[in-house]
Amino acid sequence: MANVSPTRGDITSHPDASEMRDRYARMLGGRDVALVDGPVFLLGLYCAASPWIVHYTTSQPSLVTHNLIMGIAIGMLALGFTRAPERMYGLSWAMCALGVWMIVSPWIVGESPDAGVVWNNIIIGALAVLLGLVCAGTAAKASPKP
């Protein structure tokens, strides 16, 4: 009876194996923070919708516009992180700056905000700072060393 079972050769001896391994490593090298892109986008979406969720559209009209614009900005950063991570993860520090601004904005942009508005912006800002630091830390770890 003939041996018809396929035999597998060792692929490490293939002439293109090292090149394929290097290409695969280059493609995945900048994606250490891929799990952060989704939460950053969701944070931006919540920030933009928060005036209607927390119900302060009539009492704080200037904060409504502010949170809508900031939410769009955070969402655009998340889309940039997803689309061009090797260029955008340098802007992780901008995410931290947006978070700090969100924390102090109720007193600067708003007019005597109530506790719900203040806590809403503090939580959004703290999450933005935290996610920005995670992005910045892993981008610094993944960047090529000279």
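Let me start with a word. A residue is buried under 20% relative accessible area, exposed over 50%, and partly exposed in between, using a 1.4 Å probe and protein chains only. By that rule, 35% of the 146 residues of this protein count as buried.

Now the ground rules. This is a predicted model, where local features need pLDDT of at least 70, side-chain atom pairs count only at pLDDT 80 or more, and totals for chains, interfaces and linings use all residues. Residues are numbered from 1 along each chain as its sequence is written, and side-chain values use heavy atoms, with hydrogens and water left out.

First, the overall fold. The protein has six helices and zero strands. Helices here are DSSP runs of H or I with at least four residues, strands are runs of E with at least two, and both are numbered from the N terminus. Along the sequence the pattern reads α-α-α-α-α-α.

Next, contacts. Contact means heavy atoms within 4.5 Å. Take the contacts between residues at least 6 apart in sequence: 67% of them join residues at least 24 apart.

And the surface? The protein exposes about 9400 Å². Carbon and sulfur atoms supply 68% of that. The areas come from the Shrake-Rupley method with a 1.4 Å probe, and for residues only the protein chains shown count as cover.

What does the record say? An unreviewed UniProt entry lists "transmembrane region" for residues 33-57, 63-81, 88-109 and 121-140. UniProt positions are given in the numbering used here, feature names are shortened, and annotations may be inferred rather than shown by experiment. Two of those spans can be set against the model. Residues 63-81 are 100% helix and 0% strand, with end C-alpha atoms 26 Å apart. Residues 88-109 are 82% helix and 0% strand, and there the end C-alpha atoms lie 28 Å apart.

Let's stay with helix α3, residues 61-83. How far should its 23 residues span? The expected span is 1.5 Å times one less than the number of residues. That gives 33 Å, and the end C-alpha atoms are 33 Å apart, so the two agree. Which α3 residues are buried? Among them are L63, H66, N67, M70, I74, A78 and F81. Here is a general point: an α-helix has 3.6 residues a turn, so residues three or four places apart point the same way.

Now zoom in on N67, which lies in α3. N67 is buried because its relative accessible area is 0%. Its side chain makes a polar contact of 2.5 Å with the side chain of Y56. A polar contact is a pair of N or O atoms within 3.5 Å; within protein, one must be able to donate a hydrogen and the other to accept it, and residues adjacent in sequence count only if both atoms are side-chain atoms. Not counting residues up to four places away in sequence, N67 touches partners including C47, M102 and N121.

N121 sits in helix α6. N121 counts as buried, at 0% relative accessibility. The side chains of N121 and N120 make a polar contact of 3.4 Å. Leaving aside neighbours within four places in sequence, N121 is in contact with Y56, L63, N67, M102, I103, S105 and P106.

Another residue to find is V40, in helix α2, residues 34-54. V40 is buried too, with a relative accessible area of 0%. Leaving aside neighbours within four places in sequence, V40 is in contact with I74, A78, F81, M95 and L131. V40 and M95 are 55 residues apart along the chain, yet their C-alpha atoms are separated by 9.2 Å.

On to the loops. Most residues other than glycine have a negative phi. H55 is not a glycine, and its phi is positive, about 65 degrees. H55 lies in the loop between α2 and α3, and is exposed at 65% relative accessible area. S112 also has a positive phi, near 45 degrees. S112 lies in the loop between α5 (92-108) and α6 (115-142). Is S112 buried or exposed? At 69% relative accessibility, S112 counts as exposed.

Last, the cysteines. How many disulfides does a search of the whole structure find? Zero. A disulfide is a pair of cysteine sulfur atoms within 2.5 Å. Why no bond for C96? The closest cysteine sulfur, in C135, is 8.4 Å from the sulfur of C96, too far for a bond. C96 is buried, with a relative accessible area of 9%. C47 is buried as well, at 0%.
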